[in-house]
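Morning, everyone. Please look at the screen while I talk you through one chain.

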Amino acid sequence: MSPGSIARVVLPVFIALPLLGQSRDSKPSATDPSPLKLSGYLQAREVYRRDIGLTGSINRARLAASGTLVEVVTWRLQAEFRTGSVGTGRASVSLQDAYVRYNPGKWSVQAGQFKTPFSREFVTSLADLETADRSAAVDSLAPKRDIGVMGEYSAAWVGVFGGVFNGEGQNVNANVDSALFGVARLVVRPMAELSLGISAARYFGDSTRYGVDVAFEPGWGTFKGEYLGQHRDATGGRNDRGWYGLGAFPMFRGVQLVGKYEEFDRPAISSAAKIRTWTGGFNIFPGTRNLRLTFDYASNAIGGPGIRKARLLAQVQAKF
């Protein structure tokens, strides 16, 4: 089915979903499932680079629908609407999340397509990050969405996640090489302001990925950091590796100052691939957290010593 055909099918469905259950003859009862919930966000940005000039884009446009089938069974669908600058050059719709979740209490099981439980920054929605984009190490090393099954146990001070996936990535229904992909994550919260995490993922017969992260949020500021690595079975001890450190501080009502430094290196591939980036900027929330203006200045050097290139970014985000 072509992207255009998908869009013609998906769009009417999302438009019609809110109308379900609104018949004048139907009345909700205590045993009825919860009503359909729509959510999502839109990000429009302008980026200036000296060698390119000014470029405008729709960075993300996502719409999600979720609901409850019975008391302990929920479902979620999320689609991303893409502009003509991706893939085939034509506008398209891409399925992001599609899963059913059984959650009777502190533990749960979900099956379908969703984010693999690896890396704090990856499992956090882009709409909730302090910076406009994720770190290069997270973008490169964190396994993305995949199709599989995941179990979870969550309590006040600990969260345990473990899943088995096809390992083929998003929207690929076949397991081409018949090798499974396992992911696990442990999060410990020794105090309300402090969270520590460790993640591991194994592409069986291929490579192992790992990461540790920390977040400290005392109220007067936010401090986050991660270190990630990847060991390829075929390249011995020369692992991919990367890290970042971030600080964010509320300046006054509705304004947040953000600073971040990150590195990413793939020595087994090439020393010229090393990335070092400084990012500084601020977020403005004019009257509501659902509307956000982001202004970032990022300076990065690729290779060693590398020539630094900078960009200025302005983004408006509407979240609902």
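Which residue's side chain meets that of Arg185 in a salt bridge? The partner is Asp213, with 2.8 Å from N to O. Before going on, a caution: this is a predicted model.

Let's stay with that pair. Arg185 sits in strand β8, which covers residues 181–191. Asp213 sits in strand β10. The two residues are 28 apart along the chain, so the pair links distant parts of it. Are they buried or exposed? Both Arg185 and Asp213 are buried.

Now, Asp213 has another partner. The side chain of Arg120 also meets Asp213 in a salt bridge, at 3.0 Å from N to O. Here the separation in sequence is 93 residues. Arg120 belongs to helix α2, while Asp213 belongs to β10, residues 207–216. Arg120 is buried too, like Asp213.

What lets such side chains pair at all? Opposite charges can pair when the charged atoms come close.

Next, Asp133 and Arg311. They form a salt bridge, and their closest N and O atoms are 2.7 Å apart. Asp133 is in the loop between α2 and α3, and Arg311 is in strand β16, so this bridge ties together parts 178 residues apart in sequence. Is Asp133 buried, or partly exposed? Its relative accessibility is 23%, so Asp133 counts as partly exposed. The cut-off for buried is under 20%.

How many salt bridges does the structure hold? There are 17. Some join up: Arg60, Arg62, Glu80 and Arg82 are linked in a network.

Let's go back to Arg120, this time for a cavity. A search of the whole structure finds one cavity of 30 Å³ or more. The largest cavity has a volume of about 70 Å³. Which residues line it? Arg120 is one of them, and others include Glu121, Thr124, Lys224 and Tyr244. Helix α2, residues 120–123, supplies at least two lining residues. Strand β12, residues 240–252, also supplies at least two. By type, the lining has three nonpolar, two polar and four charged residues.

Now two backbone angles to look up on the screen. Ser119 is not a glycine, yet its phi is positive, near 80°. Ser119 lies in the loop between β5 and α2. Its relative accessibility is 2%, so Ser119 counts as buried.

Asn171 is the other case. Its phi is positive as well, about 60°, and Asn171 is not a glycine either. Find Asn171 in the loop between β7 and β8. With a relative accessible area of 36%, Asn171 is partly exposed.

Finally, the whole chain. What is it built from? It has three helices and 16 strands. Of its 320 residues, 39% are buried. The chain exposes about 17200 Å², and carbon and sulfur atoms supply 62% of that. Now take contacts between residues at least 6 apart in sequence. Of these, 46% join residues at least 24 apart.

One thing to take away: follow Asp213. This buried residue meets Arg185, and it meets Arg120 as well. From Arg120 you can walk straight to the lining of the largest cavity. Thanks, and over to you.

Conventions
Residues are numbered from 1 along each chain as its sequence is written. Side-chain values use heavy atoms; hydrogens and water are left out. Helices (H or I, at least four residues) and strands (E, at least two) are DSSP runs, numbered from the N terminus. Buried means under 20% relative accessible area, exposed over 50%, partly exposed in between (1.4 Å probe, protein chains only). Contact means heavy atoms within 4.5 Å. Accessible areas come from the Shrake-Rupley method with a 1.4 Å probe; for residues, only the protein chains shown count as cover. On a 1 Å grid over the protein atoms alone, a cavity is a set of points where a 1.4 Å probe fits but cannot get out, and a pocket is an open set with protein on both sides within 12 Å along at least five of seven lines; lining residues have an atom within 4 Å of a point. Grid points are joined across faces, edges and corners, and a volume is the space filled by probe spheres set on the points. Ala, Val, Leu, Ile, Met, Phe, Trp, Tyr, Cys and Pro count as nonpolar, Asp, Glu, Lys and Arg as charged, and the others, Gly among them, as polar. A salt bridge is a side-chain nitrogen of Lys or Arg within 4 Å of a carboxyl oxygen of Asp or Glu.
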